[in-house]
Amino acid sequence: MTPYDFVQRLVGEIKEVPGQQDHPLIQFMLSLCGFGFEVHDEVPWCSGCCNLACWWLRLARTKSAAARSWLGIGESIALEDARVGYDVVILKRGAGPQPGPEVLAAQGHVGFFAGLDGSYVRVLGGNQGNTVSIERFPVDRVLGVRRLKAA
C-alpha cells in the first residue's frame, strides 16, 4: 500500500464537522503535528492528512502542520517525473505574490500527486473543500514535488 492508496480510502469519508463538534480523525491527524486533541477540525489539516498516511505506513514525515515543511522530506523530483503513489506536491496558497520554496515559514498546501491535467496538477489531500478529495491546481502554484522514502 502506498500513501496515495491510504488517503484515497478517505475520499468522501472524512470531512470537517460543522458547528461545535469536530471530526476525531482530523483531530488525530493534527495531534501527529504537535497539536493537542482539543484542537478544532477547522485548523488547516492538509499536512496532518499527509502525516497520518506516512505515520500509518512508517514513512518519513514532517510532524508539522506547515504544508511547506514537506519541502524538506524525501527526494526532490521534477513535476514531469512525478508518479501516483509516494510523491507529494507542495503548493503556494493565498492571494497575491507568494514566496518561493526557499521560504518555509509561509502559507502553502500539500497533498499526494494524482496526475497532470494540461496546465493543472491533480492533488489528493485533506482540507480541500473541508474534506479529503482530489482537486486541480494550476501548475504555476507548485513549489516542489518530493518522493517519499521509508523512515
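**Exercise 1.** Does D117 count as buried, partly exposed or exposed, and at what relative accessibility?

*Solution.* A quick note on the ground rules: this is a predicted model, where local features need pLDDT of at least 70, side-chain atom pairs count only at pLDDT 80 or more, and totals for chains, interfaces and linings use all residues. Residues are numbered from 1 along each chain as its sequence is written, and side-chain values use heavy atoms, with hydrogens and water left out.

Step 1: set the classes. Buried is under 20% relative accessible area, exposed is over 50%, and partly exposed sits in between (1.4 Å probe, protein chains only).
Step 2: place D117. Its relative accessibility is 34%, so it counts as partly exposed.

**Exercise 2.** Find the salt-bridge partner of D117 and describe the pair.

*Solution.* Step 1: apply the criterion, a side-chain nitrogen of Lys or Arg within 4 Å of a carboxyl oxygen of Asp or Glu.
Step 2: R136 fits, with the closest N and O atoms 2.7 Å apart.
Step 3: locate both. R136 is in strand 5 (residues 133-138) and D117 in strand 3, 19 residues apart (strands are DSSP E runs of at least two residues, numbered from the N terminus).
Step 4: check R136, which is partly exposed at 43%.

**Exercise 3.** The structure holds two salt bridges; work out the one made by D87.

*Solution.* Step 1: D87 pairs with R147, and their closest N and O atoms are 2.7 Å apart.
Step 2: D87 belongs to strand 2 and R147 to strand 6 (residues 142-147), 60 residues apart.
Step 3: D87 and R147 are both buried.

Methods. Helices (H or I, at least four residues) and strands (E, at least two) are DSSP runs, numbered from the N terminus.
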